[in-house]
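Open the model in your viewer and follow along. We start with the whole chain and end at a single residue.

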Amino acid sequence: MTDPLARRIAGMISTACDGRPTAQEILGSDGSLSALGVTSLALLRLIDAVEEEFDVTLDLDGEAAYLDSFPLLVGYVNERTP
């Protein structure tokens with residue numbers, strides 16, 4: 001994935017994880033966020049950043065399959081932003 005939204009979210013994931021993995025590694029991944037090293041604390045940081053940046057809600061109480069992988073998260077945000 002190389003579109004601007006994917007690059008932005010990859011950077012947000014990297015930032016939430018204190019730079020590990022890098023945004024470039026994330027862009028080349030289709031595995032789970034946990035396989036990328038996203039811990040529960042990093043996931044909470046990421047959720048806050050995505051909600052603030054894109055004005056979307058990432059609800060952990062319901063079906064949250066969009067948090068399973070980078071491509072699913074990008075797709076979810078893309079469907080909910082103009």
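How many helices and how many strands are there in the protein chain? Show the chain as a cartoon and count four helices and zero strands. Keep in mind that this is a predicted model.

Now colour from the N terminus on. The elements follow the order α-α-α-α.

Next, zoom out to the C-alpha trace. Along its principal axes, the trace of the protein chain spans about 25 × 25 × 20 Å. The radius of gyration is 11 Å, which agrees with the value near 12 Å for a compact globule of 82 residues.

Turn on contacts across the chain. Take those with a separation of 6 or more: 56% of them are accounted for by residues 24 or more positions apart.

Switch to a surface view. The accessible surface of the protein chain comes to about 4,800 Å². Carbon and sulfur atoms hold 49% of that area. Of the 82 residues, 40% count as buried.

Select the charged side chains. You will find 5 positive and 14 negative ones in the protein chain. The centres of the two sets lie 8 Å apart.

Last stop: select residues 70–80. This is helix α4, and V74 is found in it. Is V74 buried or exposed? V74 has a relative accessible area of 4%. Buried means under 20%, so V74 is buried.

Keep V74 selected and add L46. The two are 28 residues apart in sequence. In space, V74 and L46 are 12 Å apart, C-alpha to C-alpha.

How values were computed
Residues are numbered from 1 along each chain as its sequence is written. This is a predicted model: local features need pLDDT of at least 70, side-chain atom pairs count only at pLDDT 80 or more; totals for chains, interfaces and linings use all residues. Side-chain values use heavy atoms; hydrogens and water are left out. Helices (H or I, at least four residues) and strands (E, at least two) are DSSP runs, numbered from the N terminus. The radius of gyration is taken over C-alpha atoms; the globule rule is 2.2 Å times the number of residues to the power 0.38. Buried means under 20% relative accessible area, exposed over 50%, partly exposed in between (1.4 Å probe, protein chains only). Contact means heavy atoms within 4.5 Å. Accessible areas come from the Shrake-Rupley method with a 1.4 Å probe; for residues, only the protein chains shown count as cover. Lys and Arg count as positive and Asp and Glu as negative; His and the chain ends are not counted. The place of a charge is taken as NZ of Lys, CZ of Arg, CG of Asp or CD of Glu.
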